[in-house]
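Good morning, and thank you for the opportunity to speak. I would ask you to keep the sequence and the structure in view while I go through them.

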Amino acid sequence: MSTPNSTVRVLVVGCGNMGASHAIAYSTLDGFEICGIVSTGKSKEVLNERLGGGYPLFSDVATALQETKPDAVCISTYPDTHEAFAMLALEHGCHVFIEKPLADTVEGSERVVAAAEKAGKKVVVGYILRQHPSWEKFIEVAHEMGKPLVMRMNLNQQSHGGMWTVHRNLMKSLSPIVDCGVHYIDVMCQMTRSKPLQVNAIGARLTDEIPSGNYNYGQLQIRFEDGSVGWYEAGWGPMMSETAFFVKDVIGPKGCVSIVAKNAGAAGKSDNVDSHTKTESLRVHYAPLDQNDQFVQEDTWIDMQDEPDHQELCNREQRYFLKAIRENIDLSDHLQDAVNSLRIAFACDESVRTGQPVML
């Protein structure tokens, strides 16, 4: 096993969008070395070639763990395998980087957290927006807007081709408001720093191409103890509208702050992964009026130049993972936040299915 500053040998499990990006990070960052690549299909061969070839390839996680004896495992598979693979990795004494959500049930996520604690290993969950300077700034400015806050967010994706295949596969186990919603629920919790009290949610199944019990459009609403409220909307599929697909807007007594994706919005690229994290600009509006009820201050624009693209965000996530391992960072708050955002998302899911509000 690795000493504090030795190279961390990592087994890459899952080779789709996120798995490939994390693998590229491991292959380019000092401190990591890929010791094997795992997927059930052909994606491992494609990724192996993309990385220059020569990596051991496996179709089975248990075999790969036994043969490669890694220090760490990166899990970027579909959510219904997250818990089982994380538990297996922890049983083998590995640190774990796992894409969100931590598991496909709240109980499963709690089991992973308990196993990490028992094993004394680091588990980092892929909350990519926590590594994004523009989102950090968005949250920071939201804190200056007073209370209560009104948080309005969505990410609708007019997916087709390969992305629609990915979305259909995701919807075998989760709805869009759970899979994507955990990011934005996490952001709302950081903005309010208040206890969520109640959720309401609605959903619609707009295609027969997904399981009969699931829905590919959903909208959730959260009420917080401090009076703040938030909504988040997510829809996936070729029928989705690209009008107002990207809303990131927070209003408080003192004004509001919005992320404005001018370029992505104009280009109609709602299912492009890079445009989901591209913020481009923050627009800050100040509410104070003078004696003639005119605004005292003009809106200001914070242009986010040189902001990280999707690959650089993945690199930052992996640098944080390495730092957590080497410096023995206490990740208990990080994991608790991951469990809490998942608990809220599943409460929203329950509200869609029952047609009733859910108290938290």
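Let me begin with the sheet. In this predicted model, 9 strands make up an open sheet with mixed pairing, and their order is 14-13-12-11-7-10-9-8-15. Which strands stand at the edges? They are strand 14, residues 300-303, and strand 15, residues 358-359. Each of these has a single partner strand, so one side of each is left without a neighbour in the sheet.

Within the sheet, I would draw your attention to strand 9, residues 217-224, and strand 10, residues 229-235. Their pairing is antiparallel and extends over 7 bridges. As an example, Tyr217 has Gly235 in strand 10 as its bridge partner.

Next, the helices that accompany the sheet. Helix 9, which covers residues 181-192, packs on the sheet and touches strands 7, 9, 10 and 11. The direction of helix 9 makes about 160 degrees with that of strand 7. Helix 6 lies across strands 7, 11, 12, 13 and 14, and runs at about 165 degrees to strand 12.

I now turn to the aromatic side chains. A general remark will help: a pair of aromatic rings is described by the distance of the centres and the angle of the planes. How many aromatic pairs does the structure hold? There are 7 aromatic pairs. One of them joins Phe32 and Phe321, with 6.4 Å centre to centre and 20 degrees between the planes, and this pair is stacked. Phe32 belongs to strand 2, residues 32-38, while Phe321 belongs to helix 12, residues 310-326, so the pair ties together parts that are 289 residues apart in sequence. Both Phe32 and Phe321 are buried.

A second example is the pair of Trp135 and Phe138, which is edge-to-face, at 5.5 Å centre to centre with 85 degrees between the planes. These two residues sit in helix 6, residues 133-142, and because they are 3 residues apart, about one helical turn separates them. Trp135 and Phe138 are buried as well.

Phe32 and Phe321 also take part in one aromatic cluster together with Tyr26 and Phe97. A ring may also have a charged neighbour: Lys248 lies over the face of Phe246, at 3.9 Å from the ring centre.

Finally, a word on annotation. An unreviewed UniProt entry lists residues 8-127 as "domain: Gfo/Idh/MocA-like oxidoreductase N-terminal". In the model, this span is 43% helix and 23% strand, and its end C-alpha atoms lie 21 Å apart. Thank you for your attention.

Definitions and conventions: Residues are numbered from 1 along each chain as its sequence is written. This is a predicted model: local features need pLDDT of at least 70, side-chain atom pairs count only at pLDDT 80 or more; totals for chains, interfaces and linings use all residues. Side-chain values use heavy atoms; hydrogens and water are left out. Rings of Phe, Tyr and Trp (its six-membered ring) pair if their centres lie within 6.5 Å; planes under 30 degrees apart count as stacked, over 60 as edge-to-face and the rest as tilted. Helices (H or I, at least four residues) and strands (E, at least two) are DSSP runs, numbered from the N terminus. Buried means under 20% relative accessible area, exposed over 50%, partly exposed in between (1.4 Å probe, protein chains only). A charge sits over a ring if NZ of Lys or CZ of Arg is within 6 Å of the ring centre and within 35 degrees of the ring normal. UniProt positions are given in the numbering used here, feature names are shortened, and annotations may be inferred rather than shown by experiment. Two strands pair if DSSP finds at least two bridges between them. Contact means heavy atoms within 4.5 Å. Axes are lines fitted to C-alpha atoms, for helices over the stretch in contact, and angles run from 0 to 180 degrees between N-to-C directions.
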